[in-house]
Amino acid sequence: MTSPDARPVRIAVQLQPQHADYTNIRDAVLRAEDLGVDVVFNWDHFYPLSGDLDGKHFECWTMLGAWAEQTERVEIGALVTGNGYRNPDLLADMARTVDHISGGRLILGIGAGWNQKDYDHFGYDFGTAGSRIAALAEALPRIRRRAAIGNPAPTREIPLLIGGGGEKKMLRLVAEHADIWHSFGDAATLRRKSAILDDHGADVGRDTATLVERSVGVQGPPAETGEEILAAGATLLTIGVDGPDYDLSTAAQWVAWRDERR
């Protein structure tokens with residue numbers, strides 16, 4: 001990967017697959033690509049996270065396969081896949097397949113998982129935060145190995161995005177495995193945890209300052225936080241958009257801001 005200074009600013013939208021018919025979601029993907037965003041994410045949950053918690057909702061990876069066919073330019077992925085919902089080898093093969101369907105535009109986003117309702121209602125063992133992180137640590141090498149031996153091989157080494165902010169365990173996994181780290185919090189939090197990530201990188205022998213792109217969610221117009229977020233080191237900036245209407249007006253402001261900087 002390129003150095004942080006040379007890495008381009010990228011704008012993403014997370015189309016949250018809740019409270020909408022699929023026709024709304026499909027239309028939003030088209031509008032997002034036409035708008036000029038760089039990445040379109042969904043999320044990996046089985047129920048809405050806001051509003052009516054038993055409202056309309058769709059599954060993540062089935063949707064990514066459809067997006068791979070529907071889109072032509074944008075990268076696609078989950079922000080983020082819940083590791084505990086799928087066998088790691090199966091997930092790797094799903095990712096390899098979507099990589100080919102999309103022509104090499106998949107980002108494999110993954111995290112340890114956190115929403116207990118998803119686990120309880122679908123029969124997964126929720127465990128503890130520690131056990132879920134341990135399971136992720138076991139899964140990540142399996143995912144890499146399975147992807148590497150698939151036939152046909154992936155079109156590229158699929159970028160691995162890890163979402164999480166735990167300073168001792170999660171950031172260690174990011175240092176060991178990630179191409180992209182998705183952070184949660186403001187610029188000050190990003191800056192502090194980014195330094196911790198780089199300490200872990202030194203321990204494991206990876207130049208994470210160069211090799212790991214920083215990703216963060218943003219809200220409001222870019223005039224309020226854009227420069228601060230960039231100064232803290234993030235270059236992949238994601239606007240969350242909820243159904244059923246999927247208002248992309250804020251994303252449009254960030255795309256214009258990105259283009260002005262270029």
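What follows is a short back-and-forth about a predicted model.

Me: What makes α5 "roughly parallel" to α6?
Reply: The cut-off is an angle under 35 degrees. The axes of α5 (residues 129-149) and α6 (residues 170-177) cross at roughly 10°, so α5 counts as roughly parallel to α6. The two axes come within 10 Å of each other.

Me: Which residues make that contact?
Reply: From α5 you have Ile-133, Leu-136, Ala-137, Leu-140, Pro-141 and Arg-144, and from α6 you have Met-170, Leu-173 and His-177. To be listed here, heavy atoms have to be within 4.5 Å.

Me: How do you sort the contact of α5 with α6 by class?
Reply: Seven residues are nonpolar, one is polar and one is charged. Arg counts as charged, so Arg-144 of α5 is the charged one. His isn't on the nonpolar or charged lists, so His-177 of α6 goes down as the polar one.

Me: How big is the largest pocket, by volume?
Reply: About 1,000 Å³. The residues closest to its centre are Gln-14, Leu-79, His-182, Ser-183 and Phe-184, out of 37 that line it.

Me: What makes a residue part of that lining, and which elements supply it?
Reply: A lining residue has an atom within 4 Å of a pocket point. β4 (81-82), β7 (180-183), β8 (213-218), α9 (222-231) and β9 (234-241) each supply at least two. By class, the lining has 14 nonpolar, 20 polar and three charged residues.

Me: Where does the "Luciferase-like" label come from?
Reply: From UniProt, where an unreviewed entry lists that domain for residues 11-219. Such annotations may be inferred rather than shown by experiment. Over residues 11-219 of the model, the chain is 47% helix and 17% strand, with the end C-alpha atoms 12 Å apart.

Me: Which peptide bonds are cis, and what are their omega values?
Reply: One runs from Leu-79 to Val-80, with omega near -5°. Val-80 sits in the loop between β3 (75-78) and β4, and Leu-79 is among the residues closest to the centre of the largest pocket. Another cis bond goes from Gly-243 to Pro-244, with omega near 10°. Pro-244 is in the loop between β9 and α10 (249-261).

Me: Why pick out the phi of His-19?
Reply: Most residues other than glycine have a negative phi, so a positive one is worth a look. Phi of His-19 is near 60°, which is positive, and His-19 isn't glycine. You'll find His-19 in the loop between β1 (10-15) and α1 (22-35).

Note on methods: Residues are numbered from 1 along each chain as its sequence is written. This is a predicted model: local features need pLDDT of at least 70, side-chain atom pairs count only at pLDDT 80 or more; totals for chains, interfaces and linings use all residues. Side-chain values use heavy atoms; hydrogens and water are left out. Axes are lines fitted to C-alpha atoms, for helices over the stretch in contact, and angles run from 0 to 180 degrees between N-to-C directions. Helices (H or I, at least four residues) and strands (E, at least two) are DSSP runs, numbered from the N terminus. Angles under 35 degrees count as roughly parallel, over 145 as roughly antiparallel, 65 to 115 as roughly perpendicular and the rest as oblique. On a 1 Å grid over the protein atoms alone, a cavity is a set of points where a 1.4 Å probe fits but cannot get out, and a pocket is an open set with protein on both sides within 12 Å along at least five of seven lines; lining residues have an atom within 4 Å of a point. Grid points are joined across faces, edges and corners, and a volume is the space filled by probe spheres set on the points.
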